[in-house]
Amino acid sequence: MLPRSKAQALLERGVEAEGVGATAQAEQHYLEALAADPSYAAAHCNLGLLRLQHSDFAGAEFAFRTALHLRDSFPEAWVGLAESLEATGRDDDALAALEKASTLREHYAGALFNASALLRKIGRLAEAGDKLGGLPPDHPDYRHALLLRVELLQEQSRKGETVPLLFEAMELDPTDAAVRRSLAYALRGATLGNAGERERGLLAVLCLDDTVSTDYLASPIAGLVKAANGYAQAEAAMGSGIDPFASPEAQVFACSPLVLAALPRVSFVDPDLEGVITYLRRWSVLGDSAPESFRCALARHCFRSGFAFSQEPDEEARVAAASEMVTAALQERSPDTRLVEPALVSVALYRPLLSLHGAERLAALAWSAPMRPVIDEQVSQPLQERALAASLPTLTPIDDGISKAVRAQYEESPYPVWSSVHHPGQETIESLASRLRPGEQMRRRPRPVQILVAGCGTGHHPAQVALAQPDSAILAVDLSRSSLAYAARMMGRLGIGNVTFAQADLLKLDAPGRKFDIVECAGVLHHLQDPLQGWKVLAALMADDGLMRIALYSTKARAAIREARVLMASLNLPVTPEGIRRCRRLVMDLPAGHPARGVLAFGDFYSLNGCRDLLMHVQEHTFTIAQIGECLARLGLRFLAMDCDGETQAAFAKMFPDPRSNTDPHCWDRFESAYPDTFRGMIQFWCDKPPG
């Protein structure tokens with residue numbers, strides 16, 4: 001027993017030396033341990049692990065095989081042997097060694113993770129995910145395995161299968177911001193008909209998270225709201241014309257945590273759900289049974305939509321009386337807010353509170369907890385935007401006729417209205433350039449990277465750019481001061497400090513000596529009288545080795561919008577809130593199958609400002625990808641890549657397996673012809689000036 005004790009002591013000294021980085025000394029101790037006891041399998045294994053660190057794969061393999069010859073039931077040695085085999089290209093043997101380790105020790109995380117990583121490396125992604133499914137929920141590495149399975153499913157474009165795993169990961173650690181963002185992103189367009197209370201509770205939390213886009217949550221939450229207890233009773237009451245809040249079930253629905261969290265932050269792309277919500281609003285002002293927390297949450301929803309819902313004369317009369325009561329109270333020295341608040345909520349359900357005479361006083365009064373955010377959104381924030389608008393610089397005159405008309409539209413109807421933004425992964429411009437221009441020489445640019453966002457609207461786009469590239473200085477310009485002020489306020493709320501806003505017409509942007517490393521223009525060029533002229537201006541502002549991202553409306557994807565625009569133009573509806581509400585009602589009442597009814601699938605239809613932008617814009621062009629290719633040729637620009645999701649990329653690769661097709665607009669044009677709804681949002685792509 002004495003030699004074994006000496007060998008064990010030497011082994012322990014080796015482990016201590018290795019722990020402080022003295023690897024040469026550690027190796028000496030392991031060799032001394034083996035000299036004392038050549039049959040000491042643990043010393044052979046530790047020696048093998050040390051040799052792996054020094055890339056001595058042959059020496060490591062010999063050490064592990066010796067350990068296993070001495071003790072075959074040694075799972076750590078099997079894992080070490082697998083690593084040395086993989087390093088020398090013997091992947092199948094390595095997998096067999098890892099399988100042996102797993103049979104020797106149940107739920108051996110090291111073996112399972114290594115096997116999964118190896119299977120992933122050789123492209124056997126489904127098997128890699130199956131390996132990670134072998135850990136029980138109480139295992140300390142279970143959550144890490146969950147997240148790796150999510151990555152593998154995403155690589156296989158199996159987005160839907162990631163959702164339950166991400167729900168589970170979020171439940172295990174609700175504070176993990178990356179998981180919350182991944183879950184929200186995975187939920188885009190998803191339906192959750194069988195979701196339980198756990199999922200509802202987690203979605204209610206996501207609704208309040210400024211680091212995820214609530215637009216991603218619209219579809220799943222709409223489905224859950226329609227499946228909630230009490231929704232069916234509210235829908236039945238609508239058919240009968242009675243007060244829905246007389247039903248106890250509808251009261252439960254109105255107090256649901258998910259409903260109260262979603263209403264202020266989520267726009268529902270669902271005409272049937274809008275019908276029920278419109279009816280609940282009607283009885284929130286005509287009756288006296290609606291819970292006050294629901295009325296306030298619904299008022300925030302209505303404000304977010306620009307008060308897009310249709311309204312009846314008896315509702316308008318009740319709101320007019322409430323407005324008179326509030327206006328009179330605001331003339332008092334010390335109005336009793338407890339008496340004023342019910343009438344004030346009635347007004348906030350139908351029109352902006354700042355339309356009331358003396359509304360500025362509302363921000364200084366004391367209100368209930370549900371009412372305070374209503375006052376903040378409808379009074380305090382708009383007043384803040386007025387001050388910001390007056391302080392913004394002007395870079396160019398705005399005297400082009402179309403530019404003036406477009407400016408007028410967005411001064412009246414800033415677009416889009418948003419409350420949160422998806423936090424994308426950070427990426428340096430060097431990494432971006434390498435990804436878009438593989439194999440080409442790349443220079444490191446000085447910091448901050450200069451970025452231009454031309455036509456920034458209300459700031460959603462520059463916010464995403466700023467979060468993705470925090471080492472940049474962004475100039476964001478727009479025609480509309482109202483939109484710019486909204487953007488500036490949101491940047492302050494989100495703590496984004498690398499964006500400068502200014503009013504300008506991109507047709508007149510001219511910065512002698514100033515070039516931008518990245519130029520971004522999303523959803524703007526197609527609103528110019530001559531899009532190519534504006535694009536030419538932007539190309540001149542781009543550095544010679546700069547990058548440009550453009551987003552344009554798709555002719556193929558917007559067929560229904562074209563039909564609806566023609567229909568609305570024929571009716572000569574006024575571009576007023578009432579005219580837009582009338583437009584929306586006419587579209588929703590169209591018979592099934594009418595070509596214009598397809599606009600109900602577009603999120604912009606469900607807000608007043610969005611519907612105006614969608615169906616009643618003063619100037620709009622659309623493009624095919626073939627036409628985009630022609631524009632690029634005329635401008636001397638090169639198509640680099642389509643900016644689209646992984647599912648679209650996978651479908652394109654299946655149709656065009658040659659990787660060179662990615663940079664060919666003609667191939668993308670053929671792809672869009674086969675799948676005309678692909679670019680229903682916009683056609684987004686990267687381009688640059690070809691080298692030389």
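1. Let's start with the lining of the largest cavity: helices α17 (271-286) and α18 (292-304) each supply at least two of its residues. A cavity here is a set of points, on a 1 Å grid over the protein atoms alone, where a 1.4 Å probe fits but cannot get out, and lining residues have an atom within 4 Å of a point. Helices are DSSP runs (H or I, at least four residues), numbered from the N terminus.

2. Before going on, please keep in mind that this is a predicted model, where local features need pLDDT of at least 70, side-chain atom pairs count only at pLDDT 80 or more, and totals for chains, interfaces and linings use all residues. Residues are numbered from 1 along each chain as its sequence is written, and side-chain values use heavy atoms, with hydrogens and water left out.

3. The count comes to two cavities of 30 Å³ or more. The largest has a volume of about 90 Å³, a volume being the space filled by probe spheres set on the points, which are joined across faces, edges and corners. Its lining includes D270, E274, H301, R304 and Y606. By class, four of the lining residues are nonpolar, four polar and three charged. Nonpolar covers Ala, Val, Leu, Ile, Met, Phe, Trp, Tyr, Cys and Pro; charged covers Asp, Glu, Lys and Arg; the others, Gly among them, are polar.

4. The second largest cavity, at about 50 Å³, has a lining of nine nonpolar residues, with no polar and no charged ones. Among them are V225, F253, L273 and F294. Helix α17 gives the most to this lining, with three residues.

5. Now for an open space. The second largest pocket holds about 1,100 Å³; a pocket is an open set with protein on both sides within 12 Å along at least five of seven lines. It is lined by 43 residues, of which F303, P352, P414, V417 and N609 lie nearest its centre. Elements giving two or more residues to this lining include α18, α21 (372-391) and α29 (608-615). The lining divides into 18 nonpolar, 11 polar and 14 charged residues.

6. Do have a look at helix α14 (residues 231-240) too, where Y231, A234 and A237 are buried (under 20% relative accessible area, 1.4 Å probe, protein chains only). Seen down the axis of α14, these buried residues fall within an arc of 120 degrees (taken from the directions from the axis to the C-beta atoms), so they line one face of the helix. They pack against α13 (218-227), α15 (248-254) and α17 (contact: heavy atoms within 4.5 Å). On the other side of α14, G239 and S240 are exposed (over 50%).
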